[in-house]
Amino acid sequence: MSLEFLVASTIGVLVAAGIYLCLRGRTFPVVLGLAMLSYAINLFLFAMGRLVVDRPPIYEKGLSEHADPLPQALVLTAIVISFGMTALVVVLSLRTYLETGTDQVDGLADQEPDEGEA
Amino acid sequence: MNHLIVAPVVLPAIIAALTLLLRWRRWFGAAISLVGCAALLLIASALFARACSGAISVYALGQWPAPFGIVLVLDRLSALMLLLTSILAIIVLCHAVVTRLDRKGWHFHPLFQFLLVGLNGAFLTGDLFNLFVFFEVLLIASYGLMLHGQGARRLKAGVQYVVINLVGSTLFLIGIGVLYGVTGTLNMAHMAGRIAGLPAGDQGLAGAGGLLVATVFALKAALLPLHLWLPRTYADTSPAVAALFAIMTKVGAYALIRVTTLVFGADAGGLAWLPARWMLPASLATLSAGFVGLLSARGLREQAAFGLIGSTGTLLVAVSLFEPRAMAAALYYLPHTTLAGALLFLVADLVARRRPDYGDAITIGPRFANIEGISALYMLAAIALAGMPPLSGFIGKLLILEAATAHPAAGWIWATILGTTLIAIVGLARAGSTLFWKSSTCAEAVRPTPAGVEIKELLPSIALVILMATLVVGAGPVTAFCDGVSAQLFAPRTYIEAVLGTSVAR
């Protein structure tokens, strides 16, 4: 199994899971879905610098092929931003749950309180 | 190198830190914030004066030369957006301070200033990933501002707003990743050159990346079918904040204009004017949906939110023709629609503050304080938003209609713009006559005016009206300037050469 196939299918599965969870009605799965999506994006950005093995990051004597250092910087920025955003959305949905008494994304009350996962 | 270009980003950041440090003295924070906005207005005016000559100034952050480092670029369009932002910011801030909105929570001023950092940065940057970062800065600040004052309704709308924007940011990153993977650069000027020389096999991938990025900008600009988040968010936040958010849909419009004219311009071969095909029908539909929503709105804030969607739709109709005259018309309409949308939100706030029992609901209620002045302001706001003479919306729509005559879809454009204008007039007249006319003959006893409500609250709204009147009186110079902006946008070579230097432009 090639590296490309492994990375591509990992990204695909993460994105699929992320989209599925984002479309759920409650805030907790949505938060998880956003986290999944951001992991997928981080991997994707990383792969956009091409998948290479055993290459120096910027410069080394006698080698003409290099790993692209820019996507790594981009991924670092994206990780920081998505981490902060996830923290924010967790706090926000918790606060909404405490104030409105429901964790539905659309803010509507549950039909029956003890129904469990609808 | 002239450091003034970076000032619109640095100054609000410093002011934000100061207001955060000194927040236990409420009046002090407000004073610093106001002084900061005034200074920002001066800086923006100076930059505007410099850009007027047509020169494109480039500021390389950390002295790293262009394709390697991040650059801030000041051209006419950026200068126009900076000036508009600083004017709107100072007026909205005055309104917030006078109505004591900033005292309803602890962090109004820092969040307000960070929003300005994000806005100014997004208008100045010449780097696609940096644009993403500034989008995030302005979004994070907007989440906080949107929730300012709290309440269950606001929190519910807030969760939806945050989630939709996080998904948008994810899409933006995918788009950037694809474009970087294909072109190997993030600098927009550099990318323009790379896209123009792209082998045929890579064009599909680059097109997909470009369309993904355009989708995110359309989401920010609330283009149909990505507009559903806007009415609830803007109607449930405090009106003064919503008035400032009137510029945020224009950030989406700005980014669409910038990326399309620069990266996917006439030189891009098979990818030339990539989003245009989708943008025109989408913006016509947005225009209709916005003004029909305005007709059905039950509250003034909801009405203003739909009005904002509709007028941004009008703006994007003109933009999506991607033709110099239509672009000039759009750029004349852009400041107008921002100011008119903000004015309607401020008037909604004035009404809601005086009717504690009814809020901004469009229902008949007893007379309230300053009803004469506020009804006059509402009428002017309605005239502006619908685009009737004598205010600037009329000239803007006229220019757009005139520029669209030669287009193959001219019939659709004319019919939609004129039809929606009629719908807007009906909707606004209905709301105005219910709120002011019928209320003034209402038999119910007049309620005592709530404490802290003063007539000076009307001043920021009056300032907005004066600005729109200035746009009419100065229509000659303003349209000449807009022609200049448009000419600069449709000659991206000067921009590319200014950023990369003449030798490496290709």
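In chain A of this predicted model, 48% of the contacts with a separation of 6 or more link residues that lie 24 or more positions apart. The secondary structure of chain A consists of three helices and zero strands, arranged along the sequence in the pattern α-α-α. Chain A comprises 118 residues, of which 26% are classed as buried.

The contact between the two chains draws 25 residues from chain A and 20 residues from chain B. On the side of chain B that touches chain A, at least two residues are supplied by each of two helices, α5 (128-147) and α6 (152-183). Of these, α6(B) provides the largest share of that side, with 16 residues. Classified by residue type, the side of chain B that touches chain A contains 13 nonpolar residues, together with five polar and two charged residues.

Elsewhere in chain B, helix α19 spans residues 492-500. Its buried residues are B:P492, B:Y495, B:I496, B:A498, B:V499 and B:L500. Among the elements of chain B that cover these buried positions are two strands, β1 (57-60) and β2 (71-74), and two helices, α7 (188-196) and α10 (239-262). In an α-helix, residues three or four places apart point the same way, because there are 3.6 residues a turn. Within α19(B), the buried set includes B:P492, B:Y495 and B:V499. The residue that follows α19(B) is B:G501, which has a positive phi, near 85°.

Key:
Residues numbered from 1 in each chain as written. Chains lettered and ligands numbered in written order. Predicted model: local features only at pLDDT ≥ 70, side-chain atom pairs only at ≥ 80, totals over all residues. Helix = DSSP H or I, 4+ residues; strand = E, 2+ residues; numbered from the N terminus. Buried ≥ 20, exposed ≤ 12 C-beta atoms within 10 Å, placed from the backbone. Contact = placed C-beta atoms within 7 Å. Nonpolar A, V, L, I, M, F, W, Y, C, P; charged D, E, K, R; others polar.
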